[in-house]
Amino acid sequence: MKVAVLVFPGSNCDFDCVHAVEETMTDGAVERVWHTTEDLTGYDLIIVPGGFSYGDYLRSGAIARFAPVMNAVAKAAEAGVYVLGICNGFQILTEAGLLPGVLRRNTGMKFRCHSSMLRVARPDTAFTSEYKQDELINIPIAHGEGNYYCDDETLAKLQANGQIVFTYDDNPNGSLNDIAGIVNEKGNVLGMMPHPERAVSDLLGSSDGVRMFTSIMKAWRERHANVN
Amino acid sequence: MQTLTKNTLDSLEQGKINMSKEPTPAQIASERIYATMGVSDSEYDLICTILGRKPNYTEIGVFSVMWSEHCAYKNSKPLLKRFPTTGERVLMGPGEGAGIVDIGDGQAVCFKIESHNHPSAVEPYQGAATGVGGIIRDIFSMGARPIATLNSLRFGKLTDERVRYLFEHVVSGIAGYGNCIGIPTVGGEVMFDSSYEGNPLVNAMCVGLIDHEDIQRGVASGVGNPVYYVGPATGRDGIHGATFASEELTEESEAKRSAVQVGDPFMEKLVMEACLELIQSGIVIGIQDMGAAGLTCSSAEMASKAGNGLELNLNEVPQREQGMTPYEMMLSESQERMLFVIEEHNEPIAMEIFERWGVICRKVGRVTDDGRLRLVYGSEVVADMPVRGLVDECPVYEKPSQVPAYYTKNEAVDTNRYEEVTDVNDALLKVLASPTVASKEWVYRQYDSMVRASTSVAPGSDAAVVLVRGTRKALAMTTDCNGRFTYLDPYMGGRIAVAEAARNVVCSGAEPLAITDNLNFGNPEKPENFWQMEQSVDGMAEACRHFDTPVIGGNVSLYNENAKDAIYPTPVVGMVGLVHDTDHITTQGFKQAGDVVILLGDTKAELGGSEFQLVIHGVTEGRPPVLELDTELRLQKTVLKLIQDGLVKSAHDVSEGGLAVAIAESAISGGIGAEVEVSAEGLRTDVALFSESQSRIVLSVSPEAADAVVEACTQNEVPVQRIGVVGGDRISIQVNGQQAIDVAQHEAERVWKDAIPCLMQ
Amino acid sequence: MFKAKVYVTTKANVLDPQGAAVQRALHTMGYGAVEDVRIGKYLEFVLETNDRAQAEADLKKMCEQILSNPVVEDYRYELED
């Protein structure tokens, strides 16, 4: 399984994602892929990592979405390749229109970094199959703009399609309906504010994030088996 | 090489090729313009002797920053020599950007602390942010990958509106910079005392990891080699920042707002990645960051360390503003800039790296063999100074020192004369709610403490612990200094600062390695202040020798004064320790019901400088606790061994607030109560609970391990007492058979956690 | 050559917590008359062209593509000679 971790100027969780993949996905061969790359053919999972791409100086993710690599991400997403956007990666995916809504400033106005309990609302996605329905998992957050917002119509659609994958048990940022992570309609693009790559070992405070990576590997294997 | 002709020499002397509005050399002399730059009459005369003529405006500017306390340590040098700076593991001591200590397997840890007190006092957000940016550059310019930062902060009382403003914005500035660049802010300390009102202390520490073969030095070697400028263009930011840092804060400082630079963490992230890649490529001969005094200090120091000269072509320096003079370019403190030397034929390798990262890199000069720092602008030489004169010939002052009256007076103060506090329950809640003791979650929740996914112990325990990827090792790190102790007795306070840092590191399961120090003091011209400095340094140096934790670098910040007085002398100690195996990582919280609580160390009647004395009796007076070095070392060695043997569940150093607070903190962190019974012969209940006697640690251990722990302590002559059991939902403490404290664990937690958020609302 | 001035504001129906915080501060400072504080962004830049229609068309596109996020933000602009 080939995994690409995108690197934009200002990405700062790219190495963490690489390490998490190396430590959890036994089949994973992972590479850091530069933002100027125009072709992502051959990758089975594309991770858009956290950080402050381009300093987040205009709006989080607003400049990164115009990087050449984002066209390739859109193409890959269209083709059904798994795309996982974490934190700033989630913000980039919404700015790029690959996921609906927007991440706004936390209602408390301050950056927040701490462990957070997420409820798994949809264990039937490629990213969450190793979790149980409504399981509470400990995945840390670290963001200043994680307040998910969308209009009523979009929210209704997210609910109707079962696109809300994770919700906060104790909403830290004012997110609409406690939303912490969503998938696209096709179910192959997931965006989430919490950091599963920081929860891959008890020494880091939680290993609940491991199963997100193993879920993806499982989904890929199944898909791969079907193709053969 | 361009040499100074008779003609240009004459022109320089007469100021002809000076920028039109700049004062001429003659005016600088007759109007004593140098004095406004902090250069004394005798120093000016010496500069004239060194140059063999009168300096022009650019030259006197360059001398003034190179000869400031910040760059030349002219008032502190004799004291700094008293520190032990070598050791078996020390790979790089003071003198370079940061010190480096071996941690085995070809790896080393690189760390340093630095102050940004004065900039933070006038513009707290940018002052703190650029402080963080500066210390990070110090670490990666050594070739190390920064893995964590810490901060040691001091403010006035939070009831004051201006103090709240400073506190709020300093914290956001640290968060804004650290979070964006992606280096976790893992710890530090915050203390509040009216002594710091108007002059907060903002000390930032950065820790990096490095392989031995990657260690860099800031040297401009190899005559003829080109010198490159890296980073954003130079503007007129922070001109005379180094001089600014070497002056007292006055009402006028507010008007000096232009002296504060603006940080760009995004740019620094790019510069950092590009520079680390450049270093990895193996072509770097010398590299140094442009910190205080910008281009001046970096170029002069790099030339000096190689025993060479440097010629800079200022036409090539990227400029953000129009019409910048050589003076302005040399003294600008625009952020995120670096200077490096490579061999000319390697230029394409460097350029490819910087282009890919989108960072400006420009050749601005050349290494020369004549030992001079020469600046060319237009087609003229606009300054020509001997490097040695700039770097080595600044006069060093042995300041007079005098015992302050308050110190003598305090000798007679009996800190046991206060009427006994009978409601110790209430006293505990008051001390827990004191901002110095209270939870700092409001602060550290704003910091990304987990980026890099290596933080094992985040802020909120005795020391932070960061894993060393690919090994079973980890690094424990902390900053410590109790300014009240150093005020009451600078010598003892200096010892305590080092001992407490080491104790915190040991409680986390690590072996103390070395320290970096940030000496924050008042105006050294006042003999009483100089005495405080001298005494503190002696106390620290003695403790460092005793614990074999050398000083591998640091920073001096003087002239920390407000309208009333000097701040408390605050020599902050930043310490790093090595956790040999991640199994040894230990935190302060109680772990499990039924575990046995054990107190190591003796409790004496020592309330001088304690939190209890200030919160309950409203004073800071008397003598601080006595720290006995052998006792402390025995305690630390014993506890570290017990932890390494797997016998300890939790360990917490007894510090501010004494035993009562230490037990409450272990209970709060663990989310579980404890029932404790202490015997303290001859001590009043309130004294036994709140005395801040040194060399004490509270452990919790499994019932099966308890006997072995007591036995080991007895054997090592460490006073030991089984004092209770973990469990239940109350914190209950009996003293000498009498019930003293009984409070619900969640009530203590609420008071402790809500204190700062309530004050900040 | 034109000078473009772009104002990006939070949509009227979307909560603006920054604006609310400033409003609270102004109220505590005694400016009780202050209502509906909204915080936005202001950008200005030069467009090197003499074709006003083209400049305006480009400007509009820039606003929609990158300078604002239509989910939560409105924009308006001025084009000066």
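Chain C and chain A bury about 1,300 Å² between them, and carbon and sulfur atoms supply 62% of that area. On the chain C side, Pro17(C), Ile66(C) and Asn69(C) lose the most area to chain A. Together these three account for 35% of what that side buries. The model is predicted.

Now count the residues. Chain C brings 16 to the contact, and chain A brings 14.

Next come the polar links. How many salt bridges does the rule find across the interface of chain C and chain A? It finds one. Arg59(A) and Glu73(C) form a salt bridge through their side chains, at 3.6 Å from N to O. Six residue pairs across the interface of chain C and chain A are in polar contact, both residues at pLDDT 80 or more.

Which elements of chain C give two or more residues to the side that touches chain A? They are α1 (17-28), β2 (40-47) and α2 (52-67) of chain C. The largest share comes from α2(C), with three residues. By type, the side of chain C that touches chain A holds eight nonpolar, five polar and three charged residues.

Turn to chain B. An unreviewed UniProt entry puts the feature "binding site" at Glu114(B) and Asn555(B). The two positions are spread over 442 residues of sequence, yet they cluster in space, with a largest C-alpha distance of 5.4 Å.

Take Glu114(B) to begin with. Its place is in strand β3 of chain B, residues 107-115. Setting aside residues up to four places away in sequence, Glu114(B) touches Ile135(B), Asp138(B), Val202(B), Asn203(B) and Ala204(B). Glu114(B) also touches Asn518(B) and, from the annotated pair, Asn555(B).

Asn555(B) lies in strand β18 of chain B, which covers residues 551-557. Is Asn555(B) buried or exposed? Its relative accessibility is 3%, so Asn555(B) counts as buried; the cut-off for buried is under 20%.

What surrounds Asn555(B), leaving aside neighbours within four places in sequence? Its contacts include His70(B) and Tyr73(B). Ile113(B), Glu114(B) and Ser115(B) are also in contact with Asn555(B). Asp517(B), Asn518(B) and Leu519(B) complete the list. With Asn518(B) there is a polar contact as well: the two side chains are joined at 3.3 Å. Asn518(B) thus appears in both lists, touching Glu114(B) and Asn555(B).

Conventions:
Residues numbered from 1 in each chain as written. Chains lettered and ligands numbered in written order. Predicted model: local features only at pLDDT ≥ 70, side-chain atom pairs only at ≥ 80, totals over all residues. Heavy atoms only, no water. UniProt positions renumbered as here; feature names shortened; annotations may be inferred. Helix = DSSP H or I, 4+ residues; strand = E, 2+ residues; numbered from the N terminus. Contact = heavy atoms within 4.5 Å. Buried < 20%, exposed > 50% of the residue type's maximum accessible area, 1.4 Å probe, protein only. Polar contact = N/O pair within 3.5 Å; in protein donor to acceptor, adjacent residues only side chain to side chain. Buried area = accessible area lost by both parts, 1.4 Å probe. Salt bridge = Lys/Arg side-chain N within 4 Å of Asp/Glu carboxyl O. Nonpolar A, V, L, I, M, F, W, Y, C, P; charged D, E, K, R; others polar.
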